[in-house]
Amino acid sequence: MDSGIDGLMDEPRPGAPRTISDKQVEDIVTETLEKTPAGMTHWSTREMAKKMGISRETVRRVWKAFRLKPHQEATFKISKDPLLVDKVRDIVGLYLNPPERAIVLSVDEKSQIQALDRTQTLLPMQPGRIALRTHDYKRHGTTSLFAALDVATGKVIGECMSRHRSKEFVRFLNKIDASVPNDQEIHLILDNYSTHKSPVVKRWLAKHPRYHMHFTPVGGSWLNQVERWFSGLTNKALKRSVHRSVKELITAIEEYTQVANKSAKPYVWVKSATEILDKMKRFCDITLSAHLPISSVSGQ
């Protein structure tokens, strides 16, 4: 306070002075965002350091400061379904406010699950060493799993079949029909796979009026809760397993289903349809602005 206005000036700081100018920082950020190295899809610290004539550590610090990660890339898909809004509200409504005296089943197929055997014996985990397996494998055939997740309990009705045509889907519907009490309405949440809409299936549904079909938006399978169950099956029972035949594979899938059903809990859906649609709108706005000239985005 004794220094007055001069006291607002920055005092000399310890350590070595900056070795990179603001212009160099700007150039690094601009190159990272707007260009790529010759013959490559993205920058590495080594390539950027060579381009700018600075150290890799300097590039790393600049990228960290501006939260730039050119080595990473995620995926996305925006549904173009003209009935997107109606379908989102319909399915989320079933999750948050299920109808009375009815069961809501999230249904899908996990097709072409491979029975894989490693080419050499696995080396088990030991203290100080992780388990080892060969990177290559032998194929022993495939199976397709039909699954119906009860969204109220988290339990699954499942059956493995050699193929996944309309014929097999009707067979699975018959299994569902035998598993659900006759006095309950049945609401099925499915994707837009042609098997679910074939004439054979439509004739079956006409004879079973207690069934109500709810289709996810095109490109919106993330709305189907059974996909989360499939993820658990893959990570916990299939990804690191060894199966020398399709029969062994089916046995493993059935065992996982039984174990999972014993401790099943429903997935908790927390987002309303409005919240989901608002988030999708914000993402679409960001995506659109990323492809517009700066003058258009700023309104100049």
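## Close-up views of a predicted model

A search of the whole structure, a predicted model, finds 10 salt bridges. The legends below start with three of these pairs and then turn to the cores, helix 5 and the whole chain.

**View 1. Lys-35 and Glu-31 pair through their side chains in a salt bridge.** The N to O distance is 3.4 Å. How accessible are the two partners, Lys-35 and Glu-31? Lys-35 has 47% relative accessibility and counts as partly exposed. Glu-31 is buried, at a relative accessible area of 11%. Side chains of opposite charge can pair when their charged atoms come close.

**View 2. Glu-47 and Lys-50 form a salt bridge within helix 2.** Their side chains meet at 4.0 Å, N to O. Helix 2 covers residues 45–52. The partners are 3 residues apart in this helix, so about one helical turn separates them. An α-helix has 3.6 residues a turn, so residues three or four places apart point the same way. Is Glu-47 buried or exposed? Glu-47 is buried, because its relative accessible area of 19% falls under 20%. Lys-50 is exposed, at 60% relative accessibility.

**View 3. Glu-57 and Arg-61 are joined by a salt bridge in helix 3.** The closest N and O atoms are 4.0 Å apart. Helix 3 runs over residues 56–65. Here the partners stand 4 residues apart, about one turn of the helix. Glu-57 is partly exposed, with a relative accessible area of 36%. Arg-61 is also partly exposed, with 45%. Which residues are joined into one network? Glu-57, Arg-60 and Arg-61 are, through salt bridges that share partners.

**View 4. The largest nonpolar core holds 20 residues.** Which of them touch the most other members? They are Leu-105, Val-107, Phe-172, Ile-176, Ile-186 and Leu-188. Four strands and two helices each give two or more residues to this core: strand 1 (102–118), strand 2 (137–150), strand 3 (156–161), strand 4 (185–190), helix 5 (166–179) and helix 6 (199–206). Helix 5 supplies the largest share, 5 residues.

**View 5. Ile-186 has contacts beyond its sequence neighbours.** With neighbours within four places in sequence left aside, Ile-186 is in contact with Ile-103, Leu-105, Ile-176, Val-180, Arg-210, Tyr-211 and His-212. A second, separate core has 17 residues. Among them are Ala-147, Leu-149, Cys-160 and Ala-260.

**View 6. Helix 5 packs its buried residues against several elements.** These residues are Ser-166, Glu-168, Phe-169, Val-170, Phe-172, Leu-173, Ile-176 and Asp-177. What do the buried residues of helix 5 pack against? Their partners are strand 1, strand 2, strand 3, strand 4, helix 6 and strand 5 (211–215). The span of helix 5 agrees with expectation. At 1.5 Å a residue, its 14 residues should span 20 Å, and the end C-alpha atoms are 20 Å apart.

**View 7. The whole chain sets the close-ups in context, with 10 helices and 5 strands.** The C-alpha trace spans about 85 × 55 × 45 Å along its principal axes. What is the radius of gyration of the chain? The chain has 28 Å, but a compact globule of 300 residues would have a value near 19 Å. Of the 300 residues, 36% count as buried. Among contacts with a separation of 6 or more, 69% are between residues 24 or more positions apart. The accessible surface comes to about 20,300 Å². Carbon and sulfur atoms account for 54% of that surface.

Technical notes:
Residues numbered from 1 in each chain as written. Predicted model: local features only at pLDDT ≥ 70, side-chain atom pairs only at ≥ 80, totals over all residues. Heavy atoms only, no water. Buried < 20%, exposed > 50% of the residue type's maximum accessible area, 1.4 Å probe, protein only. Core = buried A, V, L, I, M, F, W, Y, C linked by side-chain atoms within 4.5 Å. Contact = heavy atoms within 4.5 Å. Expected span 1.5 Å × (residues − 1). Rg over C-alpha atoms; globule rule 2.2 N^0.38 Å. Areas by Shrake-Rupley, 256 points an atom, 1.4 Å probe, with all protein chains shown as cover.
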